[in-house]
Amino acid sequence: MMIVLSFVARLAWWLLLAPLLPGIINKVKAWVAGRRGPPVLQLYYDLARLWRKQVVMSTLASPAFIVGPAVAWAAVLGATLLVPLGPAAGATLSFRGDVVLMLYLLALARFATTWAAMETGSAFEGMGAAREVTYAVLAEAAMIAAMLTLAVQTGSVSLATMLAPSVGTSAVLLAAGLFTVLLVENCRVPFDDPATHLELTMIHEVMVLDHSGPPFAAILHGASMKLLLFAVLVTQSVLPMGTYSRTMASIVLLVGVLIVTVGVGIVESFMARFAFRRVPLLLTTSVLLCVFALLVAWQGAA
Amino acid sequence: MSGDTLFALLPNAGSLPWGDVPEWPAAEFVRRTAAELDRGARLCSWFGVPEDSGLGVRLVAIVAFDADNTLAVGRSLPVSGSVPSLTVLHPQAHLFEREVWEQHQLTPEGHPWLKPVRASAGEAPANGEFFRVDGGEVHEVAVGPVHAGIIEPGHFRFQCAGEEVIHLEIALGYQHRGIERALAGGPHRLTERQIETIAGDTTVAHATAYATVLESLAQGEAPLRAQWLRAIGLELERLANHTGDLGALAGDAAFLPTSAACGKLRGDFLNLTAALCGNRFGRGLVRPFAIGPDVDDALVARMMGNLTRALDDVEQAIAWLWDAALVRGRFENVGTVHRAQAEEIGMVGPAARACGLVRDVRYDHPAGWHRFAQAPVAVWPGGDVFARARVRSLEIQRSGDFLREQLGVPPEREATGGAPPLEGDTLAVALVEGWRGEVCHVAITNASGAFRRYKVTDPSFHNWPGLALALRGNAISDFPICNKSFSLSYCGFDL
């Protein structure tokens, strides 16, 4: 019974809490700009509206156009189930090497979205897919270096153990590196502009231009879950979660996620976007940050 | 330079009898126009006037000698079928010749890219064939006419190698309303309103050009008070649009502080226009021969206060933009139009001044209130997005100073008579420096004083090819900031 309850509670955290994050970011941006902004719950309304809508399909597209968003959504949800919500609560599913599965599930989600985008045969989508995959090469390198740091630090390849202690001296490096990865993986400023209506400058948004109805809702919801996943990861990687009590850990996690979310909003409020040709530069920096964190952790362990 | 021209000279806002315009056989006329352009003139307008007999069309050229502060006009004898192309010698005639071909079926022999400008074929404009680049790595991106934002419709066809744009072709015409056709035979009861809607964001400039043409055709002049009011309205229009566009430019670089502030401040300037005439876009502010809305001292004082506040805020908002290194990185060396290119395609307005060209109708061809009061011309070298943004921010300062100076010295109200009749068989030209650049109106009346031909040239008509050139060799993802830095009108082009 407890297992079922805890599973439902976890699913609720990931499925229901996630759409709140983009709402908070938008509220922060609006607040800084002196506007009222859309309601915090706007994404929930959008999802409800999209769910009731019809799907419009290009005559060129194969069923992969619909399957893509579904696979991507399921893959992200699968990845979230591997991420522990505090050391005591743990993850739904935990085993040796689950971190590798998480990375691959995120990659699968990206592949599925890109595949669905290419199905439309549109120049826009093709352009977006090319950009997404190009930047992912560097973002994934940074992500793997970050996970290696945690693995070296704890001598474990299971997320539940890896995320429990603080990484100590390399925490600052890792926080900066992972936060940058969060920004690029979730298509935020300064890499992408989720608020733009300009197709030619988009990365992620332009890939999903032709999607509509429930598949589009799945894409938006999946994106918000991915954001929550990264916020949870960043918080737990840099804070010594293992040293807190169960309730304290939950509060710290919630506050941490909130701080990361507000941080994204503040970055978007004060930073302009990079030109595309400069993006690899910043991404390389984030790879280096994570690699240095790895070196520090390695030296500390030795 | 203009001293030995065979074209008839006339000042801005001037008129001369249609019969006094020198005429040549078409081929020679094209050659002579090319000669005028060779010695430094600039093509303001080039159009056809159909003969009343229905036999052929006369070509008319309005050229400007900016350094000599004078305009010159010439025409051809009636011609039909084909004429030699001027574009091969002077690319600034490119769109004009396509327009003449489309309107009067007069083929410019040797024109390198002869296709419709705005004529429709069925439900959509007749875009014709687009230029294509072949190659394994080359792909084509088509944007519009339906855009994701709330903007006007236009079609952009990019030839790209990866992210790099090799060639951009712009096809417009989706907003073609037949303004010139509607104006012929006028002035009608609706003409003033129609002129104000040529380009809604340039209402005051177009309305001023129309009023000036009419007054010139009646051999008169507007009351000084009206000229003052038009100059005020024109600068307010410039302030509102420059502010709004700098904000939008920041928005396209995802830089929120300036974007949010300028969005609000644009409204403040529009409200100042509304305080003058009751309409935020200046409709009803300019009426031919009329003195315009009543402006008392209390209103002037209130406007002065609001204006000063808004100008201070704009200065701050724009300072944020220049201070952000990321924004400068986006604007510098992006979308460059070289000075020689700008000259060759006859660019006007802030886009031309951002290439280092000193071209400003208020300074080169002063008419109306600008004969008494002028703002310094804002010029910046470079020709990139940064230079265009820079010129516009300089113009905000200078227009602000101009307004603060001029608002305080309103001329006396004087009694005005009614509208005198228009002279028959006369040609009148008016240039006005709108916020985008030179607005050119030319009217030719028939024997009874009605418009035989009314030609409107919006600055966008000169500048759209500039945007296409600016994109060459740039990243396609920089198109939006390039586009916004030009901020051209679709409806002003489409007429």
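**Exercise 1. Find the loop that holds Asp425(B) in this predicted model, then work out its backbone and exposure.**

Solution. Start with the location: Asp425(B) sits in the loop between α13 (385-407) and β14 (426-433) of chain B. Next, check the backbone. Phi of Asp425(B) is near 50 degrees, a positive value in a residue other than glycine. Finally, count neighbours: a residue is exposed at 12 or fewer other C-beta atoms within 10 Å and buried at 20 or more. Asp425(B) has 15 C-beta neighbours inside 10 Å, so it counts as partly exposed.

**Exercise 2. Stay in that loop and place Glu423(B): what does it touch, and how far is it from Glu36(B)?**

Solution. Glu423(B) also lies in the loop between α13 and β14 of chain B. It counts as partly exposed because it has 16 C-beta neighbours inside 10 Å. Leaving aside neighbours within four places in sequence, Glu423(B) is in contact with Leu217(B), Ala218(B), Gln219(B), Thr445(B) and Gly449(B). As for Glu36(B), it is 387 residues apart from Glu423(B) in sequence and 29 Å apart in space, C-alpha to C-alpha.

**Exercise 3. Is Gln105(B) buried or exposed, and what is its phi?**

Solution. First, find it: Gln105(B) is in the loop between α2 (94-104) and β8 (107-109) of chain B. Its phi is near 55 degrees, a positive value in a residue other than glycine. Now the neighbour count: Gln105(B) has 12 C-beta neighbours inside 10 Å, so it counts as exposed.

**Exercise 4. Describe how domain 1 and domain 2 of chain B meet.**

Solution. Get the bounds first: the domain assignment gives domain 1 (8-109) and domain 2 (186-455). Their centres, taken over C-alpha atoms, are separated by 27 Å. Then go to the contact, where 24 residues of domain 1 of chain B meet 25 residues of domain 2 of chain B. On the domain 1 side, β2 (15-17), β4 (42-50), β5 (57-65) and β6 (70-76) of chain B each supply at least two residues. β4(B) gives the most to that side, with six residues. By class, the domain 1 side has 15 nonpolar, seven polar and two charged residues.

**Exercise 5. Which residues touch the most other members of the largest nonpolar core, and where does this core lie relative to the two domains of chain B?**

Solution. The core has 252 residues, and the ones touching the most other members are Ala142(A), Ala146(A), Leu228(A), Ile62(B) and Val63(B). Helix α10 (residues 213-238) of chain A gives the largest share, 16 residues. Domain 1 (8-109) and domain 2 (186-455) of chain B both contribute residues, so the core lies between them. As background, nonpolar side chains tend to be buried together in soluble globular proteins.

Zoom in on Val63(B). Skipping neighbours within four places in sequence, Val63(B) is in contact with Phe7(B), Glu36(B), Leu37(B), Ala41(B), Arg42(B), Leu43(B), Cys44(B), Leu71(B) and Ala72(B).

**Exercise 6. Work out how α6(A) and α8(A) pack.**

Solution. Take the geometry first: the axes of helix α6 (residues 123-154) of chain A and α8(A) come within 10 Å and cross at roughly 145 degrees. The crossing is left-handed. Then list who meets whom. Tyr135(A), Ala139(A), Ala142(A), Met143(A), Ala146(A) and Thr149(A) in α6(A) meet Leu174(A), Gly177(A), Leu178(A), Val181(A), Val184(A) and Glu185(A) in α8(A). Sorted by class, this contact has nine nonpolar, two polar and one charged residues. Look back at the core, too: Ala142(A) and Ala146(A) are among its members that touch the most others.

**Exercise 7. Which loop of chain A contains a cis peptide bond's Pro190(A), and which residue is its partner?**

Solution. Pro190(A) is found in the loop between α8 (171-185) and α9 (204-207) of chain A. The cis bond joins Val189(A) and Pro190(A), with omega about 10 degrees.

**Exercise 8. Characterise the contact between chains A and B.**

Solution. Begin with the totals: 26 residues come from chain B and 27 residues from chain A. On the chain B side, the elements giving two or more residues are β11 (138-143), α7 (256-277), α9 (325-331) and α15 (479-486). The largest share of that side, five residues, comes from β11(B). By class, the chain B side has 17 nonpolar, four polar and five charged residues.

Methods:
Residues are numbered from 1 along each chain as its sequence is written. Chains are lettered from A and ligands numbered from 1 in the order in which they are written. This is a predicted model: local features need pLDDT of at least 70, side-chain atom pairs count only at pLDDT 80 or more; totals for chains, interfaces and linings use all residues. Helices (H or I, at least four residues) and strands (E, at least two) are DSSP runs, numbered from the N terminus. Two residues are in contact if their C-beta atoms, placed from the backbone, lie within 7 Å. Ala, Val, Leu, Ile, Met, Phe, Trp, Tyr, Cys and Pro count as nonpolar, Asp, Glu, Lys and Arg as charged, and the others, Gly among them, as polar. Axes are lines fitted to C-alpha atoms, for helices over the stretch in contact, and angles run from 0 to 180 degrees between N-to-C directions. A crossing is left-handed if the near helix is turned anticlockwise from the far one by less than a right angle, and right-handed if clockwise. A nonpolar core is a set of buried Ala, Val, Leu, Ile, Met, Phe, Trp, Tyr and Cys residues joined through C-beta atoms within 7 Å. Domain bounds come from an automatic or database domain assignment.
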